Amino acid sequence: MLYTIIKAIHIIFMVSYFAGIFYLVRLFVYYKDTDEFDEVKQQILRNQYSFMAVRLWNIITAPAGILMLLSGLTMIYLNPGLLKTPWFHLKLTFLVGLGIYHFWCWKRVKELKNLNGNTLSIPNIKLRQFNEIATFILFAVVFTVILKYSVIQYWWQLLLGFFGIIILITSIVKMVNKNKDKRTKSKD
């Protein structure tokens, strides 16, 4: 029973963490979008987006990430047999990727905080693409946990489907960005 309760807590904080990470990178995109605005509007919005990113990180994303990690480690402690399963090794590999992405987000939050309203150096399209990385990691982790041993057995079909999803999402991001650029040019 204790393991099931800890698992429920882990899932709740995983959802909270991913909600925070998804919105955080979206705030980076919004901040970058202000490059096209007049100086007064730009400063007001940049200050607001920077404030929102720092608050989101400190109040939701980082605490949810810590609680997700602690509950995950507790589940491993309660069921050390997980460490002997190939699917769990795959999940841990994806979580290493999530850790790298988390670190990248943390660095951007610090950068935004210290920019004092100046422009963000990363191109808009790169931020939009980075916004999708958490989605890919979430897909990979959830499919691995739900399918467990089937992930190992049917790895090439899942990998093909995963790359299909990546191509679809990145294509949609590029298409949306092109449409945004066309609308911006038509206003000028």
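This is a short chat about how the two domains of a predicted model meet.

Visitor: Which domains does the chain get, and where do they run?
Guide: The assignment gives domain 1 (1-147) and domain 2 (150-187). Keep in mind that the model is predicted.

Visitor: What separates their centres?
Guide: Taken over C-alpha atoms, the centres of domain 1 and domain 2 are 19 Å apart.

Visitor: And how many residues does each domain put into the contact?
Guide: Domain 1 puts in 17 residues. Domain 2 puts in 14 residues.

Visitor: What area is buried between the two?
Guide: About 1400 Å². Carbon and sulfur atoms give 77% of that area.

Visitor: Which three residues of domain 1 supply more than any other three?
Guide: Arg 128, Phe 136 and Leu 147. Together they supply 39% of the area that domain 1 buries against domain 2.

Visitor: Switching to polar links. How many salt bridges are there across the interface?
Guide: The count of salt bridges between domain 1 and domain 2 is 0. For polar contact, the rule finds 1 residue pair across the interface, both residues at pLDDT 80 or more.

Visitor: Which elements give two or more residues to the domain 1 side?
Guide: Helix 3 (86-114), helix 4 (124-130) and helix 5 (133-147).

Visitor: Which one gives the most?
Guide: Helix 5, with 7 residues on the side that touches domain 2.

Visitor: How does that side of domain 1 split by class?
Guide: There are 9 nonpolar residues. Polar residues number 4, and charged residues also number 4.

Note on methods. Residues are numbered from 1 along each chain as its sequence is written. This is a predicted model: local features need pLDDT of at least 70, side-chain atom pairs count only at pLDDT 80 or more; totals for chains, interfaces and linings use all residues. Side-chain values use heavy atoms; hydrogens and water are left out. Domain bounds come from an automatic or database domain assignment. Contact means heavy atoms within 4.5 Å. Buried area is the accessible area (1.4 Å probe) that two parts lose on being put together, summed over both. A salt bridge is a side-chain nitrogen of Lys or Arg within 4 Å of a carboxyl oxygen of Asp or Glu. A polar contact is a pair of N or O atoms within 3.5 Å; within protein, one must be able to donate a hydrogen and the other to accept it, and residues adjacent in sequence count only if both atoms are side-chain atoms. Helices (H or I, at least four residues) and strands (E, at least two) are DSSP runs, numbered from the N terminus. Ala, Val, Leu, Ile, Met, Phe, Trp, Tyr, Cys and Pro count as nonpolar, Asp, Glu, Lys and Arg as charged, and the others, Gly among them, as polar.
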